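Subject: Structure handover

Hello,

Here is the structure I promised to pass on. Please open it first, then read my notes below.

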Amino acid sequence: MSTEKDIDFVLRTVEKRNIRFVQLWFTDVLGNLKSFAISPEELEEAFEEGIGFDGSAVDGFASLEESDMLAFPDPDTFTLLPWRPSESGVARVFCDVYTPSREPFEGDPRRCLLKVFHQADERGYVPNVGPKIEYFYFDNDLDPVPLDLAGYFDLTPMDTANDLRRQTTLTLEKMSIPVQYSYHAAGPSQNGVELRFTEAVSCADNIMTARLVIKQEAAGQGMFASFMPKPISSAPGSAMFLYQSLLDHDGENLFWAEREEHSTHLSELAEHYIAGILRYAPEFTLVTNPTVNSYKRFISTGEVPTHATWGRRNRSALVRIPTHKPGKHIATRIELRSPDPTANPYLALAVTIAAGLKGIEDGLPLPEESTCDTFNASDRELSARGIERLPRTLGEAIDRFEASDLMREVLGEHIFTYFVREKRREWDEFCTSVTDWEREHYYGGV
């Protein structure tokens, strides 16, 4: 919770550093970053009364008749933009969106995640998340031709992105976003960055910032950074892995327990959380994988999940339990492997955390662990074992999402309805343009 002390610190920093523009950031429902700049003289009023803007011009926000919105800056998110000049500098701050009656706007994705975070907090849980974001570098935004032929973790002269990754990391760290590591990913011209763990709302803020910084630094070098999940049909797709755990208010990891029968020492609470993720994954997939292109990534390669399974060594599982540091309490976590970097991070974290919390609330039992042999089993065999397939197309994902009571409850009627309408329109437009051959070979005959 922000305090007067936090606000005073921001105001003093703006004056001391001669900040001339403060950018107010928020996202639309689909996760596009929005911004407008105010002068430092308006900042104190912004903290106290909000800054008005036209919500009807933002996708998914408000109708023309209910267009007035207020942006309230969150002082905890204030930071300087290091790519702007230091003299007469520029800062940014994330905002929460309210109605003129000072009620939280139900179409604000950040508010949606804050609501889930507060619900967890009331139960004594602090959702803790670390993201790993993959993306491609190209020399333009029209022709996805790889710039190198390097592979996973390769360090060779062929890796043209070494300097660019280093500069991106330095820029993120200047904005107080610690980077765990950056690397060349498995595909040609594919790269990745893993950010350190933080509480869920800050994590979503960091993802939004990282996506902008990655594109900003690439553009500065005459390159284009693409977060499209599958820009090259013959190369691996890009994921946004979400590492999740629940801490208590003292910082202890609630996913760890002293259990001889579990080499990963998963607590019963963690098992229920995973069971909730598996139970509701087909329903939240539209949010974590929101584009037609997202489902080109879901092919059976052994690296991408196609079914709602969990495992330790099985990287085709939807939920994997990393075992890098066995016995270390704080390192016990789950790795959700299905999301991709086109997702709105606020909504993706809201629905996945809510699914895990629902699993805890209902005491859902953890299904049988999926081993590598699951990858070779047929859909019929897996269905007989109670293992559900994830949606194979955007159309299937829309149907599962629209029928979900939990998704409607978590996202609220405003976001839920808008998401269904826009994605249904996107899918219908695609279905009228796709060829019969593509429909048969890439989209399961849909």
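**Strands 4 and 6**

Strand 4 and strand 6 (residues 89–98) run antiparallel, joined by four bridges. Please keep in mind that this is a predicted model. In that pairing, P73 stands opposite C95 of strand 6. Strand 4 covers residues 68–73, and five of its six residues are buried. Strand 4 also has a second partner: strand 3 (residues 51–54) pairs with strand 4 over four bridges, again in the antiparallel sense. There, D54 stands opposite D68 of strand 4. As a general point, side chains in a regular strand alternate between the two faces of the sheet.

**Helix 3 and its link to strand 6**

Helix 3 runs from residue 109 to residue 122, which is 14 residues. From first C-alpha to last, helix 3 reaches 20 Å, close to the 20 Å expected at 1.5 Å a residue. At its start, a side-chain oxygen of D108 comes to within 3.2 Å of the backbone nitrogen of R110. After helix 3 comes G124, with a positive phi near 95°. The buried residues of helix 3 are P109, R110, R111, C112, L113, V116, F117 and A120.

What does the side chain of R110 meet in a salt bridge? The partner is D96, at 2.8 Å from N to O. This pair links distant parts of the chain: R110 sits in helix 3 and D96 in strand 6, 14 residues apart. Are these two residues buried or exposed? R110 has a relative accessible area of 4%, so R110 is buried. D96 is at 15%, and therefore counts as buried, the cut-off being under 20%. The pair also belongs to a wider group: D74, D96, R110 and D205 are linked in a network of salt bridges.

**Other salt bridges**

The count for the model comes to 20 salt bridges. In general, side chains of opposite charge can pair when their charged atoms come close. Two further examples follow.

K358 and D362 meet through their side chains, at 3.6 Å from N to O. Both residues lie in helix 7 (residues 345–362). They are four residues apart there, so about one helical turn separates them. K358 is partly exposed, with a relative accessible area of 24%. D362 is also partly exposed, at 39%.

R408 forms a salt bridge with E413, and their closest N and O atoms are 2.8 Å apart. R408 is partly exposed at 32% relative accessible area. E413 is partly exposed at 42%.

**Helix 7**

Helix 7 deserves its own look. Helix 7 has 18 residues and reaches 26 Å from its first C-alpha to its last. That is close to the 26 Å expected at 1.5 Å a residue. Helix 7 is mostly covered, with 15 of its 18 residues buried. At the start of helix 7, a side-chain oxygen of N344 reaches to within 3.0 Å of the backbone nitrogen of Y346. G363 follows helix 7, and its phi is positive, near 60°.

**The nonpolar cores**

In soluble globular proteins, nonpolar side chains tend to be buried together. Which residues touch the most other members of the largest nonpolar core? They are Y137, I277, L318, V319, F401 and L411, out of 94 residues in that core. Another core lies apart from it, with 23 residues, among them V22, L43, A46 and F47.

I277 is a good place to zoom in. Neighbours within four places in sequence aside, I277 is in contact with Q244, F284, L318, V319, I334, L336, T352, A355 and G356.

**W310**

One last residue to look up is W310, which lies in strand 13 (residues 310–311). Is W310 buried or exposed? Its relative accessibility is 5%, so W310 counts as buried. A polar atom of the W310 side chain lies 2.8 Å from the backbone oxygen of P367. The C-alpha atoms of W310 and A275 are separated by 8.9 Å, while the two residues are 35 residues apart along the chain.

Best wishes

How values were computed. Residues numbered from 1 in each chain as written. Predicted model: local features only at pLDDT ≥ 70, side-chain atom pairs only at ≥ 80, totals over all residues. Heavy atoms only, no water. Helix = DSSP H or I, 4+ residues; strand = E, 2+ residues; numbered from the N terminus. Expected span 1.5 Å × (residues − 1). Buried < 20%, exposed > 50% of the residue type's maximum accessible area, 1.4 Å probe, protein only. Polar contact = N/O pair within 3.5 Å; in protein donor to acceptor, adjacent residues only side chain to side chain. Pairing = 2+ DSSP bridges. Core = buried A, V, L, I, M, F, W, Y, C linked by side-chain atoms within 4.5 Å. Contact = heavy atoms within 4.5 Å. Salt bridge = Lys/Arg side-chain N within 4 Å of Asp/Glu carboxyl O.
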